[in-house]
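The exercises below are meant to be worked with the sequence and the 3D view side by side. Try each task before reading the solution under it.

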Amino acid sequence: MRHLLVIGIGAGDPEHLTVQAINALNRADVIFIPDKGAEKASLAKLRREICARFINRPYRSVPYAVPTRRKPESSYNQTVDGWHEAIAGIYERLLSEELKDGETGAFLVWGDPSIYDSTLRIIERVRRTNKVAFDHEVIPGITSIQALAAKHRIALNTIGGAVHITTGRKLAEDGAQGSDSVVVMLDGQCAFKSLPAGEFDIYWGANLGMPSETAVAGPLDEVGEQIERRRSHAREQEGWVMDSYLLRRREPNA
């Protein structure tokens with residue numbers, strides 16, 4: 001039986017790795033490293049640096065190319081489904097050709113594998129085909145949400161209040177839905193611009209834990225344009241940007 005580890009590696013700082021994650025890395029015979037092209041080469045580089053820093057036993061590093069997700073042609077869900085199907089085929093090949101029976105392989109997932117990441121869903125697709133036998137284990141990681149709250153020295157929730165976690169696409173479609181604390185991830189279009197002016201404070205951060213990290217907080221109507229500029233600059237610097245933010249509904253007369 002092949003064994004697979006899905007390891008959360010934090011939001012960008014190698015010191016985000018938990019002791020559990022480091023121990024899991026040292027159980028792996030093979031580390032699978034995603035290659036997302038030249039623009040995102042620094043993401044693969046960081047994974048390799050983490051391995052070099054924390055693994056103290058022999059292992060093999062196996063790179064693999066990640067197909068680019070196409071822009072939605074019919075529906076968003078169908079486009080993502082097709083993309084996941086293509087990646088599942090790559091995972092199946094990696095497990096069957098690069099991992100021997102009795103060996104342990106590892107995927108290193110940015111942040112936490114259970115929060116807005118597709119790795120677990122794709123692995124489940126592979127498992128359902130029954131073409132390669134394996135079991136798998138999930139090691140949680142520090143999320144960008146946790147890093148964001150720590151950067152701004154805030155609690156995510158108000159006293160007795162709920163926290164709604166969503167995506168930029170859903171925020172643009174549905175708004176804040178009456179929530180007083182909304183965490184937004186995967187926002188490529190600065191969807192906060194669609195919200196009514198003057199109703200929210202925003203706590204925003206990009207590339208947290210990395211040398212290029214940047215953060216802004218304040219009334220949304222006052223700092224929104226600054227966030228757009230900093231987000232654009234971060235993308236120009238790295239070729240990519242990973243950001244998240246908390247929207248906090250302002251109290252009347254605040």
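Alanine 217 is found in strand β9, where strands (E, at least two residues) and helices (H or I, at least four) are DSSP runs numbered from the N terminus. The model is a predicted one, in which local features need pLDDT of at least 70 and side-chain atom pairs count only at pLDDT 80 or more, while totals for chains, interfaces and linings use all residues. Residues are numbered from 1 along each chain as its sequence is written, and side-chain values use heavy atoms, with hydrogens and water left out.

**Exercise 1. Describe the surroundings of alanine 217 in strand β9.**

Step one is to ask about exposure: alanine 217 counts as partly exposed, because its relative accessibility is 40%, and the class runs between buried (under 20% relative accessible area) and exposed (over 50%), with a 1.4 Å probe and protein chains only. Step two is to list the contacts, meaning heavy atoms within 4.5 Å: leaving aside neighbours within four places in sequence, alanine 217 is in contact with His152, Ile202, Tyr203 and Val223. Step three is to check a separation: alanine 172 is 45 residues apart from alanine 217 along the chain, and their C-alpha atoms are separated by 20 Å.

**Exercise 2. Find which residues of helix α5 are buried, and what covers them.**

Begin with the helix itself, which spans residues 144–152 and has Ile145, Ala147, Leu148, Ala149 and His152 as its buried residues. Next, look at the cover, which includes the strands β6 (164–167), β7 (181–185), β8 (200–206), β9 (214–219) and β10 (243–249). Finally, step past the end of the helix to arginine 153, whose phi is positive, near 55 degrees.

**Exercise 3. Describe how helices α3 and α4 cross.**

First take the geometry: the axes of α3 (residues 76–98) and α4 (residues 119–129) come within 9 Å and cross at roughly 65 degrees, the axes being lines fitted to C-alpha atoms over the stretch in contact, with angles that run from 0 to 180 degrees between N-to-C directions. Then settle the hand, which is right-handed; that term applies if the near helix is turned clockwise from the far one by less than a right angle. Last, name the residues that meet: α3 brings Asp81, His84, Glu85, Ile87, Ala88, Tyr91, Glu92 and Leu95, and α4 brings Thr119, Ile122, Ile123, Arg125, Val126 and Thr129.

**Exercise 4. Work through salt bridges that link distant parts of the chain.**

Side chains of opposite charge can pair when their charged atoms come close. A salt bridge here is a side-chain nitrogen of Lys or Arg within 4 Å of a carboxyl oxygen of Asp or Glu, and a search of the whole structure finds 17 of them.

- Arginine 27 pairs with glutamate 137, with the closest N and O atoms 2.9 Å apart. Arginine 27 sits in the loop between α1 (19–25) and β2 (30–35), glutamate 137 in strand β5 (residues 134–139), and the two are 110 residues apart.
- Glutamate 199 pairs with arginine 249, the closest N and O atoms being 3.1 Å apart. The pair ties together parts that are 50 residues apart in sequence, because glutamate 199 lies in the loop between β7 and β8 and arginine 249 in strand β10.
- Arginine 250 meets aspartate 201 at 3.2 Å, N to O. Arginine 250 is in the segment after β10 and aspartate 201 in strand β8, 49 residues apart.

To finish, note that Arg169, Lys170, Glu173 and Asp174 are linked in a network of salt bridges.

**Exercise 5. Compare leucine 186 with asparagine 207: what are their phi values, and is each residue buried or exposed?**

Most residues other than glycine have a negative phi. Leucine 186, in the loop between β7 and β8, has a positive phi near 55 degrees, and asparagine 207, in the loop between β8 and β9, has a positive phi of about 50 degrees. As for exposure, leucine 186 is exposed, with a relative accessible area of 55%, whereas asparagine 207 is buried, with 2%.
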